[in-house]
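Reader: Please show me the model, then take my questions on its DNA contacts and its symmetry.

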There are 2 protein chains.
Amino acid sequence: METKSTVREQILDHAITLMMLRGYNGFSYRDLSELVGVKTSSIHYYFPSKDDLVLEAVNQYSSEVMAGLQSIDAALPAGEKLATYTRLFGKTLGDGDQICLCGMLAADIESLPESVREAVQAFFRANESWLAAVLAQGAKEGTLVVKGKPESAGRTLFAALQGSVLASRLFHTKSRLEDVEAMWRVAH
Amino acid sequence: METKSTVREQILDHAITLMMLRGYNGFSYRDLSELVGVKTSSIHYYFPSKDDLVLEAVNQYSSEVMAGLQSIDAALPAGEKLATYTRLFGKTLGDGDQICLCGMLAADIESLPESVREAVQAFFRANESWLAAVLAQGAKEGTLVVKGKPESAGRTLFAALQGSVLASRLFHTKSRLEDVEAMWRVAH
DNA sequence: GTCTATATGCCGATAGAC
DNA sequence: GTCTATCGGCATATAGAC
C-alpha cells in the first residue's frame with residue numbers, strides 16, 4: 001500500500017526546503033509551481049497568501065523536529081542525548097546548503113507577520129528548554145558543563161548551534177557542530 | 001568644519017542598515033532611492049549592479065568592525081576585552097531590529113555571488129581568531145574558560161554570539177548576549 | 001552626476017471556465 | 001482542484017538628455 005503524497009504536502013515540503021536554502025524573500029510561487037508541477041494559481045488554492053504558506057511550513061517543521069526530540073530515549077545519559085541532538089541538527093544541512101528553517105526565518109523576521117514570529121519563538125523556546133533539561137541532567141551526572149542556570153546555558157547552547165550551522169554552510173564544512181558539542185562536555 | 005557625507009556614502013550606509021534589517025532579498029534600489037533622495041538610476045551610477053553594492057557594503061562594514069577591534073586596548077585583561085567585544089556586538093542590534101550584516105548575509109549566502117561569500121568568510125575568520133586570542137589570554141590569566149584549542153573555542157563563541165543577536169531580536173530582548181559572555185567567564 | 005523615460009521580467013494574487 | 005488569462009505593481013537595469 002504505497003502512500004503517495006498529496007499536492008498540498010508536496011507544496012509544503014518544497015516550500016520548507018526552498019526556505020531553508022534561500023529564505024522567505026528568496027523563493028516564489030513560481031519556484032514551487034515548477035517543482036511540484038502545478039500552476040501557481042493552484043498553489044493559491046491551498047495557501048491563499050504567502051504568509052499562510054510560511055506559517056503552515058513553520059508548524060509542520062516544528063512538529064517534525066518535536067517528534068525527533070521525543071524519539072530520543074529519556075533513559076539515555078545526558079551526553080548521548082546531546083550527541084543525538086547535535087547529529088539531528090547537523091542533518092538540517094542537507095546537501096550542505098540548508099540551515100534550520102526557524103533560524104532562517106529568524107533572520108527574515110522583520111519581513112514577516114506577527115503570527116510567524118510567535119511560531120518561530122515557540123520553536124526556539126521548545127529547543128532551548130529541551131537542551132536546558134539535558135544540561136541539568138548532565139550536571140547532575142557530572143558529564144556536562146553547566147555554568148549558571150540551566151535555562152541560560154540552554155539558550156546559549158542553542159544559539160551556538162544555530163550560529164554553527166550558518167558557519168558550516170558558509171565555509172562548506174561540517175565540523176563546526178561537533179566543536180560546539182565538545183565545548184559543553186566535561187573533559188575526560 | 002562640517003563634513004557632510006556624499007551621496008555615495010549615504011547609499012552605502014542605508015544599504016547596510018536595510019540589509020541588517022531585512023536581508024539581501026528584502027530591500028530594493030527603490031527603498032534606497034527614497035531614503036537618500038535620488039532616483040534609482042543615480043544609484044546604478046555608483047553601484048552598477050546590486051551585487052556590486054552588497055560587496056562594497058560588506059567591505060565597509062568589515063572595516064568598521066575591524067577598526068572597533070583595534071581600538072580595544074591590547075593591554076587590557078582578557079575578561080574586559082571580551083566584555084567590550086560583547087558590548088560592541090550588542091550595538092549592532094540598533095533599535096532592536098537589526099542583526100550583524102555578515103550574519104544576515106550568511107543566511108542569504110545561497111542567493112549571492114562567490115565574491116560576497118569570500119568577503120563574509122573573511123569577516124567570520126577575523127572575528128573568530130580575534131576571540132580565540134582573547135580566550136587564550138584569558139586561559140593563561142585564569143579568568144576565562146577555554147576547553148580544547150582556542151581556535152575551536154573562538155569559533156563556538158562567535159557562533160553563540162551570532163545566534164544570540166538573532167534570538168535577541170526575535171524575542172525583543174537584549175539580555176541574551178550577556179548570557180553568552182557569562183558562559184566563558186571563570187566562576188568567581 | 002542626476003534626471004526622465006523605458007525595457008523586460010518576475011512578483012503575489014484573483015476571476016472565471018472546466 | 002486545476003487550469004488559462006490577466007491584473008497592477010515592483011524588481012533590476014539601461015539609454016540618452018541635460
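The questions below deal with the DNA contacts and then with the two protein chains.

Author: This is a predicted model, in which local features need pLDDT of at least 70 and side-chain atom pairs count only at pLDDT 80 or more, while totals for chains, interfaces and linings use all residues. Residues are numbered from 1 along each chain as its sequence is written, chains are lettered from A and ligands numbered from 1 in the order in which they are written, and side-chain values use heavy atoms, with hydrogens and water left out.

Reader: Which helix gives the most to the surface near DNA strand C?

Author: A residue is near the strand if one of its heavy atoms lies within 4 Å of it. Helices are DSSP runs (H or I, at least four residues), numbered from the N terminus. At least two residues each come from α2 (29-36) and α3 (40-46) of chain A and from α3 (40-46) of chain B. With four residues, the most comes from α3(B).

Reader: Which side chain has an N or O atom 2.9 Å from a base oxygen of DNA strand C?

Author: Polar contacts are pairs of N or O atoms within 3.5 Å; within protein, one must be able to donate a hydrogen and the other to accept it, and residues adjacent in sequence count only if both atoms are side-chain atoms. A:Arg30 places a polar side-chain atom 3.3 Å from a phosphate oxygen of the strand. The base oxygen is instead paired with the side chain of B:Ser41.

Reader: What turn lays chain B on chain A?

Author: Copies are superposed by least squares on the C-alpha atoms of residues with pLDDT of at least 70 in both. The RMSD is 0.0 Å, with a shift of 0.0 Å along the axis and a turn of 180°. The copies are thus related as by a two-fold rotation axis.
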